[in-house]
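Please take a moment with the sequence and the three-dimensional view below before reading on. The paragraphs that follow lead through the structure one region at a time.

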Amino acid sequence: MSRVEELTQALRRNVAEHDSVLVAFSAGVDSTLVLAVATEVLGDRALGVTGVSPSVAPAEIASAKELAEALGARLRLASTNEMDDPSYVANPTNRCFHCKTELYSVCERVAREEGVTTILNGTNADDPGDHRPGLVAADNARVRSPLLECGLHKDDVRAVARHLGVPNWDKPALACLASRLPHGTPVTIERLRSVDSIEIALREMGFQQVRARHFGDEVRLEVESERVDELSDRLHEAVLQAAVSQAGFSHATVTPGGYRTGRLNELTGSV
């Protein structure tokens, strides 16, 4: 049996230990794999819940619906209210703790309504090595992490997802829109919309792994490292310049080296 098959079987056994599950479903490859396996193993006793708020790009909500349909999975959209929490809006280095605390509180409410016994998330074995305040919120809410428990790293997740035919097995990593704001810059709906609109423009230009970082009048653009020179050459294309102007920025710059996870943490003094 190959490693991919072993990990697939381990994941199925892990999920099968639960009578019923609610999967905190972001439409990223990690939580999609968990929802896919949970639906395969538990059928209607598995439910995906996607949080809806200004910090989630509308395209991701649409993606969650499409993926759930493709998987034959049950899905509920549930509004989260992290924007009502001053501790979240202030955008401290542990912003994700406040966001995930709200998300898991909503998941707990839905689980009670649906009679579901266990909440699962898509945390994988690489995540504890990064700055992840949301993991504390998950521990506080007694959320289980099948990928982590079965030892699946990100490359394993993609391999197993591809093995099972999960549609988004190669989807680039995508954090919430608030992650585009440096810590200490208050989270506002206007700022979230501005970075989302520029990332939409970058994708329309054909880039895949994109970030638009909000630095006052300046927006710093990140794309795949191998395409940084291409973006630099295309920086003044009309579609991108229009998006930058309409979003309220005076100018855009291209970040040397391209996208790298954790870059904003480095720039703003956290780990």
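**Two sheets and what packs on them**

Helix α2, which comprises residues 29-42, lies across β1, β2 and β4, and its direction runs at about 160° to that of β1. A second helix, α3, also packs on this sheet, where α3 touches β2 and β3 and makes an angle of about 160° with the direction of β3. It should be said at this point that the model is a predicted one.

The sheet itself is open and has four strands in the order β3-β2-β1-β4, with parallel pairing. Its edge strands are β3 (74-79) and β4 (118-120), each of which pairs on one side only, and from one strand to the next the twist averages 30°. Between β1 and β2, the latter formed by residues 46-52, there are four bridges in the parallel sense, and within this pair Val-23 stands opposite Gly-48 in β2. On the other side of β2, six bridges join β2 to β3, again running parallel, and here Val-52 stands opposite Ser-79 in β3.

Strand β1 (residues 21-24) shows how side chains are distributed about a strand: Val-21 and Val-23 point one way, Leu-22 and Ala-24 point the other way, and all are buried. This fits a general pattern, since in a regular strand the side chains alternate between the two faces of the sheet.

A further sheet, also open, is built from three strands in the order β5-β6-β7, and its pairing is mixed. Because β5 (211-215) and β7 stand at the edges with a single partner strand each, one side of each is left without a neighbour in the sheet. Neighbouring strands of this sheet are turned by 30° against each other on average, if direction is ignored. The strands β6 and β7 run parallel and are joined by four bridges, with Val-219 standing opposite Ala-252 in β7. Helix α9 lies across β5 and β6, running at about 145° to β5.

Another helix to follow is α11 (residues 238-246), in which Leu-240, Ala-243 and Val-244 are buried. Why do these residues lie on the same side of α11? They do so because they cover an arc of only 100° around the axis. As a general matter, an α-helix has 3.6 residues a turn, so residues three or four places apart point the same way. The buried residues of α11 are covered by elements that include α9 (189-204), β6 (218-222), α10 (228-233) and β7 (251-254). The face turned away from the buried side, by contrast, carries the exposed residues Ala-238, Ser-245 and Gln-246. Just after α11, Gly-248 takes a positive phi of about 95°.

Loops deserve equal attention, beginning with the one between α8 (154-163) and α9, which holds Val-187. Val-187 has a relative accessible area of 2% and is therefore buried. Leaving aside neighbours within four places in sequence, Val-187 is in contact with Met-83, Tyr-88, Val-89, Asn-91, Arg-95, Ala-178, Leu-181 and Leu-192. The C-alpha atoms of Val-187 and Pro-86 are separated by 9.7 Å, although the two residues are 101 residues apart along the chain. Asp-170 lies in the loop between α8 and α9 as well, but with 47% relative accessibility Asp-170 counts as partly exposed. From Asp-170 to Val-29 the C-alpha distance is 7.4 Å, while in sequence they are 141 residues apart.

Asn-91, one of the contacts of Val-187, has its place in the loop between α4 (86-89) and α5 (95-114). Asn-91 has a positive phi of about 60° although it is not a glycine, and at 0% relative accessibility it counts as buried. A positive phi of about 60° is also found at Arg-142, likewise not a glycine, in the loop between α6 (134-140) and α7 (146-149). Is Arg-142 buried or exposed? At 68% relative accessibility, Arg-142 counts as exposed.

Finally, the second largest pocket has a volume of about 200 Å³. Of the 15 residues that line this pocket, those closest to its centre are Glu-60, Lys-171, Leu-174, Arg-203 and Gln-208. Both α3 (58-71) and α9 supply at least two residues each to the lining, and the largest share, three residues, comes from α9.

Conventions: Residues are numbered from 1 along each chain as its sequence is written. This is a predicted model: local features need pLDDT of at least 70, side-chain atom pairs count only at pLDDT 80 or more; totals for chains, interfaces and linings use all residues. Side-chain values use heavy atoms; hydrogens and water are left out. Buried means under 20% relative accessible area, exposed over 50%, partly exposed in between (1.4 Å probe, protein chains only). The arc is that of the directions from the helix axis to the C-beta atoms. Contact means heavy atoms within 4.5 Å. Two strands pair if DSSP finds at least two bridges between them. Axes are lines fitted to C-alpha atoms, for helices over the stretch in contact, and angles run from 0 to 180 degrees between N-to-C directions. On a 1 Å grid over the protein atoms alone, a cavity is a set of points where a 1.4 Å probe fits but cannot get out, and a pocket is an open set with protein on both sides within 12 Å along at least five of seven lines; lining residues have an atom within 4 Å of a point. Grid points are joined across faces, edges and corners, and a volume is the space filled by probe spheres set on the points.
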